[in-house]
Amino acid sequence: MSEIGPFHKCFSSVVGPNGSGKSNVIDAMLFVFGKRAKKLRLNKVSELIHSSAAFKDDPLQYARVSVHFHDIVDTGSGDLDYDVVPGSGVVVTRIARRDNSSTYKLDGRNCAFRDVATYLDSRGIDLNNNRFLILQGEVEMISMMAPKGRTEDDDGLLEYLEDIIGSNQFLEETNEAGGAVEALSEQRQEKLNRVKAIEAEKAGL
């Protein structure tokens, strides 16, 4: 069993030379978060099960990865300036078996993946967009993005950042509010013009 962490409270980066296991760490997290074998550079999830010569006579039957979460309260800007919220710990686990089946667990209880996704989404972790985990190939892609998408369906850096922080879900409401402000601004300007005209007439009288 290997244990990695804890990760930094704000931002963690996995670095190291080629072949040191960087991708394995990320793949382990992607595995827990429901990614299919093809996304993990595999043909089937049973390939994750350790199969060295040491276990030739008694092959291992499963591979298991668990990710531990807990809520924290920031107490300062330092790396260790935080307090763990008592009773907030949650463990998300996925187990891959020889028959290529998978089992998910939430705090040790068997559950469906949708239950895991629903819980994590309630804690601000969106598995659909997966912006909390930036893969190696995405770094170059982000650096080459145009500042803004050229068409409605094109994503630039602005759209990418809006997706990360979640402001894009308010885009429709923002546009509606912007339209309402524009309409009210026109009404205001019309009334100001009428007031100016009346003031001019009053000055003449």
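**Entry 1: a pair in the sheet**

I began with Leu106, which stands opposite Arg109 in S6. The model I am reading is a predicted one. Between Leu106 and strand S6 I turned to the hairpin of S5 and S6, which has 2 residues between the strands. In this hairpin Asp107 takes a positive phi near 55 degrees. I noted that Asp107 is a residue other than glycine and that it lies in the loop between S5 and S6. Asp107 is partly exposed, because its relative accessible area is 39% and the partly exposed class runs between 20% and 50%.

I then counted the links between these two strands. Strand S5 covers residues 102-106, and 3 bridges join it to S6 in an antiparallel run. I also recorded that Tyr104 stands opposite Cys111 in S6.

**Entry 2: the other side of S5**

I next asked how many bridges join S4 to S5. There are 5 bridges, and the two strands run antiparallel. Here I found that Val92 stands opposite Leu106 in S5. Leu106 thus has a place in both of my pairing notes, opposite Val92 and opposite Arg109.

The hairpin of S4 and S5 has 4 residues between the strands. I looked up which residue there has a positive phi. It is Asn100, with a value near 70 degrees, and Asn100 is also a residue other than glycine. I placed Asn100 in the loop between S4 and S5. With a relative accessible area of 34%, Asn100 is partly exposed.

As background to both hairpins, I note that most residues other than glycine have a negative phi.

**Entry 3: the whole sheet**

I then traced the sheet from one side to the other. It is open and has 4 strands in the order S1-S4-S5-S6, with antiparallel pairing. At its edges I found strand S1 (62-69) and strand S6 (109-111), each of which pairs on one side only. On average, neighbouring strands in this sheet are turned by 25 degrees against each other, direction ignored.

I asked what lies across S1, S4, S5 and S6. Helix H2, residues 113-122, does so, and it runs at about 40 degrees to S5.

**Entry 4: the nonpolar core**

I looked up the largest nonpolar core and found 21 residues in it. Val32, Phe33, Val92 and Leu120 have the most contacts inside this core. Helix H1 (22-32), S4, S5 and H2 are the elements that give two or more residues to it. Among these, H1 gives the most, with 5 residues. In general, nonpolar side chains in soluble globular proteins tend to be buried together.

I followed Val92 further, leaving aside residues up to four places away in sequence. The residues that Val92 touches include Val32, Val65, Val67 and Phe69. Leu106, the residue opposite Val92 in S5, is also one of its contacts. Others on the list are Val116 and Leu120, as well as Ser66 and Lys105.

**Entry 5: aromatic pairs**

A search of the whole structure gave me 2 aromatic pairs. In one, the rings of Phe33 and Phe69 have centres 6.5 Å apart and planes at 40 degrees, so I recorded the pair as tilted. This pair links distant parts of the chain: Phe33 is in the loop between H1 and S1, Phe69 is in strand S1, and they are 36 residues apart. I asked whether Phe33 is buried or exposed. Phe33 counts as buried, because its relative accessibility is 5%. Phe69, with a relative accessible area of 22%, is partly exposed.

The rings of Tyr104 and Phe113 have centres 5.2 Å apart and planes at 45 degrees, so this pair is tilted. Tyr104 is the residue that I had found opposite Cys111. It counts as buried, at 10% relative accessibility. Phe113 is partly exposed, with a relative accessible area of 28%.

**Entry 6: helix H4**

I closed with helix H4, residues 157-165, and asked which of its residues are buried. They are Glu159, Tyr160 and Asp163. Seen down the axis of H4, the buried residues fall within an arc of 100 degrees, so they line one face of the helix. Just after H4, I noted that Gly166 takes a positive phi of about 90 degrees.

Conventions: Residues numbered from 1 in each chain as written. Predicted model: local features only at pLDDT ≥ 70, side-chain atom pairs only at ≥ 80, totals over all residues. Heavy atoms only, no water. Buried < 20%, exposed > 50% of the residue type's maximum accessible area, 1.4 Å probe, protein only. Arc of directions from axis to C-beta. Pairing = 2+ DSSP bridges. Axes fitted to C-alpha atoms, helices over the stretch in contact; angles between N-to-C directions. Contact = heavy atoms within 4.5 Å. Core = buried A, V, L, I, M, F, W, Y, C linked by side-chain atoms within 4.5 Å. Phe/Tyr/Trp six-rings, centres within 6.5 Å; stacked < 30°, edge-to-face > 60°.
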